[in-house]
Amino acid sequence: MTTSERAPDPLLEVRDLRVTFREGTDQQVEAVDGISFEVHPGEVLAIVGESGSGKSITAHSVLGLLPPLATVAGSIRLRRRTSGRPEELIGLSSGAMRRIRGAEVAMIFQEPSTALNPVYTIGWQIKEALRAHSRVSGRTARDMVVEILRRVGIPEPEKRVGYYPHQFSGGQRQRIVIAMALIQNPDLIIADEPTTALDVTVQAEILDLLRAHRDEAGTAIVLITHNMGVVADLADRMVVMYQGCVVETGPVSEVFEQPQHPYTRNLLAAVPRVGVQSAREPVAAPDRIAVEGRDVVIEYPAGFRRASFRAVNSVSFRIAAGEVLGLVGESGSGKTSLGRAVAGLNPISSGSLVALGQELKGISRGKLRSSRKDVGFVFQDPATSFNPRIRLFDCLAEPFIVNNSTERPQLRQAVNELFDLVHLPRSFAERFPHELSGGQRQRVGIARAIALRPSLIIADEPTSALDVSVQAQILTLFTELQDELNYACLFITHDLAVVDMLAHRTAVMRRGEIVEQGATREVLLHPQHEYTQQLIGSLPVPDPAVQRDRSSRRQAVTS
Amino acid sequence: MLTFILKRIVNGIAVVIAASVLVFALVSLAGDPLASMLSSPGASPQTVAQYRQTLHLDDPIMVRYLSWVGGILHGDLGKSYSGQSVNSMIFSGLGTTLKMVIPAAVFGLVGAVFLGVVGALKRNTAVDHLISALSYALYAIPVFVLAILLKGYIAVPLNNAFGATVLYTIGDSTPGVPPSLSDQVRHAILPVFALAVYSMGPWSRYQRAAMIEVMSSEYIKVARAKGLGRARVVIVHGLRNALIPIVTIAGADFAVIVGGAVVTETVFGWQGMGRVLVDALTGPVSPDVYVVQGWIMVVAIFVVAVNILVDLMYGVLDPRVRR
Amino acid sequence: MSGVQGSGVGPAVDEHAEKIDAYASARNSQIAGALRAFARRRSALVGLAVLLLIIAFTVITPFLWKYSYSDITVDFSAAPGWRHPFGTDSIGHDLFAQTLRGIATSLKVATLVALLSTVVGTVVGAVAGYFGRAWDAVLMRVADLIMTIPVLAITLVLANVLGAKGSSWFLLSLVLSAVLWIPLSRLVRGTLLSLMKNDYIDAARMLGASDRRIIIRHLLPNAAGPIIVDATLMVGRAIIVAASMEYLGLGIQAPEVSLGLLIQRGQGAATTQPWLFGFPALFLVLIILSVNFVGDGLRDALDPRRTV
């Protein structure tokens, strides 16, 4: 494929780029600290980094899309289509910059749910992009829009051009955003985390779409991502960013094989891989059952302008005492509804759900309350799972106070023990939630869940909001605690690799039903159900050689 | 969308019925409105008794309520103490009041959108601070204070300077003169201005916040990345979306404007709805039961109708609520 | 704010005394942080200063000033001067004394209304928001009603119904509170509903916390910001509605004095004797403006995600 040596003059050349943000009156924050890289025609360059690395800001600075509080210094040179000569983009007039935007450099954004204007039809919006730079008659424009929609894989494009964004799924919206970028036929596409908000099967399709476009039209792509699997799947070269600096640059295969910088090494090591960690074997003959569900149905009643909705449809499963059941599924599969039902936070509509010997169907409020001290819950979003007005001491003391289980003078001792268990300094007791990082907060979330030493923990995507390196630490902590306290656990996730690391058994959910369940190793290595196979096939593996092979095989199967 | 509107209409009817119960309970159960009449020297007990009978004040409460509601359903709001038809009093007042309220709502909205958008686009600059200060000031000046200031310090000097009446300060038109647009406008400018400005303060704050939120959304970035010009981004993509919340706010505040009109009419001596209500509440025999009850019913029905219209408009502005 | 909970640490535990101190000082620093955020808004500080100054003035001056609001002096329609800083009206009332009396009445009414309607609105709104169903349906219908009939019309009718009794500031406050708690309860309800989407409420539920504990410990403290801000703005709203009523001839009546009444009496001479209208109007606007600035400052200061 393309290598940097073959093309002597780059399409885009960034030299010593610095971006500072003004904060308050006199404070300056360096977000990007003198980075350099180049992009060659037809090449996919990945800029990789965790949150706060400055990768997104770098991407936005190319098209001058940073907020006014940002100051950009250094040089960004783009080889212009008209003259064929490189031209400096920093300091360009807004009119001149506008002629580059979309026409020569297009951008794809992270959040397809908000990237489209809700009040205009998608056909109108794509046409607007088309007409921003060229005169096209109404008839031709419509034909071109239909054609591009067909190319990005929107079914029935002639009809769908007149639809509004809210009438499409997240994956389809991202295709529309891509169509909007492609229709202007740019030389360079900057894709800012284009698949982060999407399910893994949709992600694979979007990556295929981008790859196909690169191969056909020779468009260069700058891919901003935190996902090493995505890098391995699509990119030719990569730039690793850490705290505003480039720590490593090189062809993807080289960097993955021989990472030079310790940060890159850590980053690669932290990525969970399916089938590499030894999946834990389930207990052969469980003596006690912690949770048993039979034909569980969860239905949300019809509400204001909303039809009734069956989130979970006749699901049966069991969790043995001391066992971790990984519940895997994509968004909308009903996995969270099921998890909340096990915790007694959602009522079940029919069937039977017994948790720790307590039937949850039709349980009274009082009984539910008293049974709750044996069940812990770890929430997905560490940002909203803590009362912002309460210090962590009060937060962790609450389980004991509510259940009158500890005398007041011993509270401090109990809270300290919890901090020790999750490896946080005891001094954090005096802090407020917002004074902690996401990973630290999630540790506190785990501490709160295990405070009363419950025999069942429900963890709802506890690591999905975290960076990979932090995620790895939290998962290690989780396994460690589970070994030590031996609680049963329902671990909900969308990430097969996470399940691989800590679940004894795995259940795969899709559209409200469990399509497959069994020992984790069996499910992951010998998936029986077609959907599980698809799920595993879509998961990008952080190894370029393997992943290329996988994705071409997957494409061969689908086409 | 259709079921939504139907629901809103049903809800509106329920609110109107609730309003009828509330106002009837308040006015009719509160005490004997004729008590003040009894104590005045001019009225003999017989006259009072007769009043009582013609106004049906001696009927049992349920009967009174039902006959009043029955009257409304037939389009008859009853009679005032002086024997005038409440219908004619209120509908002539309503016509006058609408001449003030509707232009005031429109100008208030336009002004608020303008101030809010400019404030949002020039966020944290001197212009924004100036607009903020202005909207705070507007919010803090009661409408009757503003009205008096306009009368005394705009109209009077202006008319003196021209040696003729440029702006009228009393009434909604010159009596005895054939109605002309210029006459009406010269009467309406000051009250409409006062009332428009009254709602402009809070509305412009909402508009500013809405515009800031919209302008920081992803689709604005997408629009810029497409290579669209700034004006197009701001107007076609920004303002179009930022108008959605302000329409709801303005609709919800319609009753507030009517309340402001009551005071403004008094300052400018308009014989509108405000005058009808205030007279019915401060006259020699007060409350003038059927006038007050009819007034509140008519205003309630009117406001409910405006709110349903606003909901319809919401459907036009926001495709997400259509269906 | 929740200083009581500090005692949960246990004063008897000596070895933790140091930590308790740190804890207490950290709590204080939270309050201090809020104060700093408040003080950063110059408008809020100025508003507070003006408000305090006006209050101090209205409280102290009647004891020192030679005229009472009801005194009739020998100066008729005098312009502001040394003897009468705000001038006199045609009967000889000293307008300085009258304006101060009017301010006092307005502030008394507004404070009582803010207190009453905030308490009632918070309780009803919290119950409706948390328990939903029937409570909620009733509250929402009542709120719909209040958005359909102008507040001023309802208070005017109520004041009329009370008749002569309606002229006492206490009853006027009750009349205003009877209406103004409704929008506040709607705000509390909405705030609670959105707060309840936060995972920490489910987390508290998972621990077995009671409804009362969840409302008092987790919901209301987080709703305190909007509630306090709205209560402050309520002061301004109450003053405006009361003054409008007085202006229209209902509510507080002569011989009592209020800002609305003074403005109503002075408006005819707005150009010839501007002091009659000007001083009461000036103070009316000044009070509302200051209160709103204070409310806005509080909004910033009470934001839980404010960085200390």
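How many residues does the contact between chain C and chain B take from each of the two chains? I would like to start there this morning, and I should say at once that what we are looking at is a predicted model. The contact takes 41 residues from chain B and 36 residues from chain C. Put together, chain C and chain B bury about 3,400 Å² between them, and 79% of that area lies on carbon and sulfur atoms. On the chain C side, C:T148, C:V157 and C:L248 supply 16% of the area that chain C buries against chain B, which is more than any other three residues supply. As for salt bridges, the count between chain C and chain B is 0.

Let me now turn to chain B itself. Chain B has 13 helices and 0 strands, so to speak a run of α after α when the pattern is read along the sequence. Along the principal axes, the C-alpha atoms of chain B fill a box of roughly 85 × 60 × 35 Å. Of the 323 residues in chain B, 52% are buried, and, if we take the contacts in chain B between residues at least 6 apart in sequence, 71% of them join residues at least 24 apart.

Finally, a word on surface and charge. The accessible surface of chain B comes to about 14,300 Å², with 70% of it belonging to carbon and sulfur atoms. Chain B carries 22 positive and 15 negative charges, and the mean positions of these two sets are 16 Å apart.

Terms used: Residues numbered from 1 in each chain as written. Chains lettered and ligands numbered in written order. Predicted model: local features only at pLDDT ≥ 70, side-chain atom pairs only at ≥ 80, totals over all residues. Heavy atoms only, no water. Helix = DSSP H or I, 4+ residues; strand = E, 2+ residues; numbered from the N terminus. Buried < 20%, exposed > 50% of the residue type's maximum accessible area, 1.4 Å probe, protein only. Contact = heavy atoms within 4.5 Å. Areas by Shrake-Rupley, 256 points an atom, 1.4 Å probe, with all protein chains shown as cover. Lys, Arg positive; Asp, Glu negative; His and termini not counted. Charge placed at Lys NZ, Arg CZ, Asp CG, Glu CD. Buried area = accessible area lost by both parts, 1.4 Å probe. Salt bridge = Lys/Arg side-chain N within 4 Å of Asp/Glu carboxyl O.
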